[in-house]
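The following exercises concern one protein chain and are to be worked through with its coordinates at hand. Each task is followed by a stepwise solution.

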Amino acid sequence: MIPTRPGAEALPLVAIVGRPNVGKSTLFNRLTRSRRSIVGDEPGITRDRIYGEFDWGGRRFRLVDTGGIVPNDPELIPTEIYNQARVALEDAQALIMVVDARTELAGPDYDLVRLLSRSSKPVFLAVNKVEGEAMAYAAENFRKLGIREVFGISAEHGQGIGELLDSVAEAIPATPSDAVPETPDEIAEEDEISEGGPLEPGKEDDPHRQLHRTHGEFEQHETAVAIIGRPNVGKSTLLNALTGTERAIVSPIAGTTRDAVDEAVEFEGSSFRFVDTAGIRRKGKTNLMAEKLSVVMARRHLEAADVALLVIDATEGVTASDATIGGYAHESGRSVILIVNKWDAVTTGRTDGKPPADREIFEKQLRRVLKYLDYAPVIFLSALERTGMGRVMKEVKAIAAERRKRVTTGQMNRFLEKIDFQRAPVPMAKRIRIFYMTQAAVAPPTFVLFTDRDIKLHFAFERFLENQIREAFGFKGTPIWFKVKARNAEDK
């Protein structure tokens, strides 16, 4: 997930547009120095708008990658892709149209140029995949489109991008808000982008470079909330309902979302970034390369988030796949809220003649299947009807605060004195004595136990201690981690 810096909304926006499979996402990833957009040989991988930022010539810009535009296509998904791209075209100050130097010009290219010319915004033609002198000559053929500014580039190797960005920056008037201090490191980054040098090892996805720490002490500017679940359970509809926009494409076709789509929301003085991820499926259920990559990216965005909204389809009940996905969130230390979506379809809006579903019975079934998420609150709602969004926002805010809560060592030791550990259902051979305990980290809360024996905590003892801590200090919605450190371990 590419974090948005303060004041990003005021930065000039540059939109990358073009037909499917011409290299738009490769160019986006090159400029933002990330792997934010999924790249592959299959056409139509990118569908929603993907945002990022880049610095050039001492200025900062926002960048938006759009799905492949095919004007006047009657199919559902291409039409929705076009609608998403049109929003980007309206908001942008400059447009970069990308074409493939290895393919012939076609009717949709001319249609797209006519569409862009209506906006009266500066348009730049990036003839991509120009590698070698012969291809450079071939790029000149694309002047037939009537776009004055034509640049032969190679998004994959970084060739020719410097000249393109110089022209883009010149066409957009500079303002104080998009100026950035130019340092030797930033100059080197610009050289890397334009000359196609390799990204510094580890820098392109280094979490310390792009993200706030999620383990230990840190200053949190924004809470990242990942919306996860199986395909077609209503994740994109939920994102649109929470943000009050049509940010993500919604369709009855499972697997519509591929790239993760994010949107920032302000709520009661706090900043939240909701990330709609692709539906997570078993490896055997994914066939196309884009589907496989989207599942991998969904896992990565989950691990980069603070809070996970696990969406469950009320009409299908709790499945084994829901339990697997919940396990990913639990094991990675994310705070979790269980969202039972489409609740209206099994209650007030039920049309199959069966009696309305009972909330208590459904929650008991949910808790039985997801028993390891007993700390996670459950919210019943209808994302389509946009009911229950206020409660979701309040729970996210509260759980984000619980996740970062710190208990002092003094409080913890006074707490230990009051616990009767004899009540813990643990075999005698597995019992340990705790001398004292301290909270070593937050997000998730992590406690170090100083004990008389260097053994792994028995499951029952760990569960007993966790319940006691929750009863005394809360930590609602977040897992609690324990680490054992024996007093005599160093001597040994």
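Two exercises follow, one on a helix and one on enclosed space.

This is a predicted model, in which local features need pLDDT of at least 70, side-chain atom pairs count only at pLDDT 80 or more, and totals for chains, interfaces and linings use all residues. Residues are numbered from 1 along each chain as its sequence is written, and side-chain values use heavy atoms, with hydrogens and water left out.

**Exercise 1.** Compare the expected span of helix α12 (residues 389-403) with the distance between its end C-alpha atoms.

*Solution.*
1. Helices are DSSP runs of H or I with at least four residues, numbered from the N terminus.
2. The expected span is 1.5 Å times one less than the number of residues.
3. For the 15 residues of α12 this gives 21 Å, and the end C-alpha atoms are 21 Å apart, so the two values agree.
4. Buried residues (under 20% relative accessible area, 1.4 Å probe, protein chains only) of α12 include M389, V392, V396, I399 and R403.

**Exercise 2.** Characterise the largest cavity by volume and lining.

*Solution.*
1. A cavity is a set of points on a 1 Å grid over the protein atoms alone where a 1.4 Å probe fits but cannot get out; lining residues have an atom within 4 Å of a point.
2. The count is 1 cavity of 30 Å³ or more.
3. The volume of the largest cavity is about 50 Å³, taken as the space filled by probe spheres set on the points.
4. Its lining consists of R19, V22, V98, V99, D100, T103, E104, D109 and F142.
5. Strand β4 (residues 94-100) contributes the largest share, 3 residues; strands are DSSP runs of E with at least two residues.

Methods. 1 Å grid on protein atoms, 1.4 Å probe; cavity = no way out; pocket = protein on both sides within 12 Å on 5 of 7 lines; lining within 4 Å. Buried < 20%, exposed > 50% of the residue type's maximum accessible area, 1.4 Å probe, protein only.
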